[in-house]
Amino acid sequence: MDVIPAIDLLEGRCVRLYQGDYERSQVFSENPVDVAQQWVDEGATRLHIVDLDGAKAGKVVNLRAIEAIAQAVSVPIEVGGGLRDRTSVQQVFNLGVQWAILGTIAVEQPQLVQELCQEFPEKIIIGIDARNGLVATRGWLETSEVLATQLAVQMQELGAAAIIYTDIHRDGTLTGPNLDALRELTAAISIPVIASGGVSSVTDLLSLLALEPQGVTGVIVGRALYTGDISLKEALRAIGPGRIQDIPPNLGFSTFA
């Protein structure tokens, strides 16, 4: 299972929000490139970047920071926040981004999502951010009447490569992932699901392993990495490639010689 560090950009800085509240942001670094390089140095094989300014503005705002990260690291990155038209999506791909994450337009413009999935196969991920099971849009500032599972099924049919599911009430709270919601989602679709929100410990990560056979292929970790509640190296050893439980025992000798 992929452990994907999150880098949230607000006014060019690396921050974390509490339950998506822009008024409750905490700055962790003035230099997102240094943060990105740190996670890669510690073993990250993929990075998750959110343009928080872009999510509010409806267009990509932190282009310079995103480009700097893409040029600095050797691992693929996914970017979301403010990608609400073809131009914005093409813009981030031109920067060297591997996957574009679409949120608001999945609800408001499904036809455009279908066109983008066809134009950029396997490169469009749908970010479903849910509040009490209903999809939130426009930087989590609005809540729609669309059920998360309903939207996931529709997006799969339109050609989405994967779904990132975030439980807003748990995001930034370190209260653990919403396993019930993830089970419901993975039961409804067959494309990969990446869990996000609330992860606070290696125990939380291990709890997600039970959902790996159902299609949860990765987990995005944010605040817990920045506060030190989770060590990325420890997380990768727990659930990443070559995780501890997958290492075969040493059978090179026997006590029954």
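**Exercise 1. Is Glu122 buried or exposed, and at what relative accessibility?**

Solution. Before starting, note that this is a predicted model, in which local features need pLDDT of at least 70 and side-chain atom pairs count only at pLDDT 80 or more, while totals for chains, interfaces and linings use all residues. Residues are numbered from 1 along each chain as its sequence is written, and side-chain values use heavy atoms, with hydrogens and water left out.

Step one is the scale: buried means under 20% relative accessible area, exposed over 50%, and partly exposed in between, with a 1.4 Å probe and protein chains only. Step two is to apply the scale: Glu122 counts as exposed because its relative accessibility is 57%. Step three is the setting: Glu122 is found in the loop between helix H6 (110-119) and S7, where helices (H or I, at least four residues) and strands (E, at least two) are DSSP runs, numbered from the N terminus. Step four is the backbone: Glu122 has a positive phi of about 65 degrees although it is not a glycine.

**Exercise 2. Describe Asn132 in the manner of the first solution, and then find the residue with a positive phi just after H7.**

Solution. Asn132 sits in the loop between S7 and S8, and it is not a glycine, yet its phi is positive, at about 55 degrees. Asn132 is exposed because its relative accessible area is 67%. Just after H7, the residue to find is Gly159, whose positive phi is about 110 degrees. In helix H7 itself (residues 148-158), the buried residues are Ala148, Thr149, Leu151, Ala152, Met155 and Leu158. To read such a list, recall that an α-helix has 3.6 residues a turn, so residues three or four places apart point the same way.

**Exercise 3. Locate the residues that UniProt marks with the feature "active site", and describe their surroundings.**

Solution. First, the record: the unreviewed UniProt entry places the feature "active site" at Asp8 and Asp129; its positions are given in the numbering used here, feature names are shortened, and annotations may be inferred rather than shown by experiment. Second, Asp8: this residue is in strand S1 (residues 2-10), and it is buried because its relative accessible area is 8%. Leaving out residues up to four places away in sequence, Asp8 touches Arg13, Cys14, Val15, Arg16, Val50 and Leu52, where contact means heavy atoms within 4.5 Å. Third, Asp129: this residue belongs to strand S7 (residues 124-131), and it counts as buried because its relative accessibility is 17%.

**Exercise 4. Which residues form one aromatic cluster, and how are the rings of its pairs arranged?**

Solution. Begin with the rule: rings of Phe, Tyr and Trp (its six-membered ring) pair if their centres lie within 6.5 Å, and planes under 30 degrees apart count as stacked, over 60 as edge-to-face and the rest as tilted. A search of the whole structure finds three aromatic pairs. One of them joins Phe28 and Tyr226, with 5.1 Å centre to centre and 40 degrees between the planes, and is tilted. This pair links distant parts of the chain, since Phe28 is in strand S3 (residues 21-29) and Tyr226 in helix H10 (residues 223-227), 198 residues apart. Phe28 is partly exposed, with a relative accessible area of 25%, whereas Tyr226 counts as buried at 15% relative accessibility.

The next pair to examine is Trp39 and Tyr226, which is edge-to-face, at 5.4 Å centre to centre and 85 degrees between the planes. Trp39 lies in helix H1 and Tyr226 in helix H10, so this pair ties together parts that are 187 residues apart in sequence. Both Trp39 and Tyr226 are buried. The cluster is therefore made up of Phe28, Trp39 and Tyr226.

**Exercise 5. Place Gln37 and Thr137 in the structure and name their contacts.**

Solution. Gln37 lies in helix H1 (residues 32-41) and is partly exposed, with a relative accessible area of 27%. Not counting residues up to four places away in sequence, Gln37 touches Ala72 and Val73. Thr137 is found in strand S8 (residues 134-137) and is buried, with a relative accessible area of 6%. Apart from its neighbours within four places in sequence, Thr137 is in contact with Thr104, Val107, Glu108 and Glu142.
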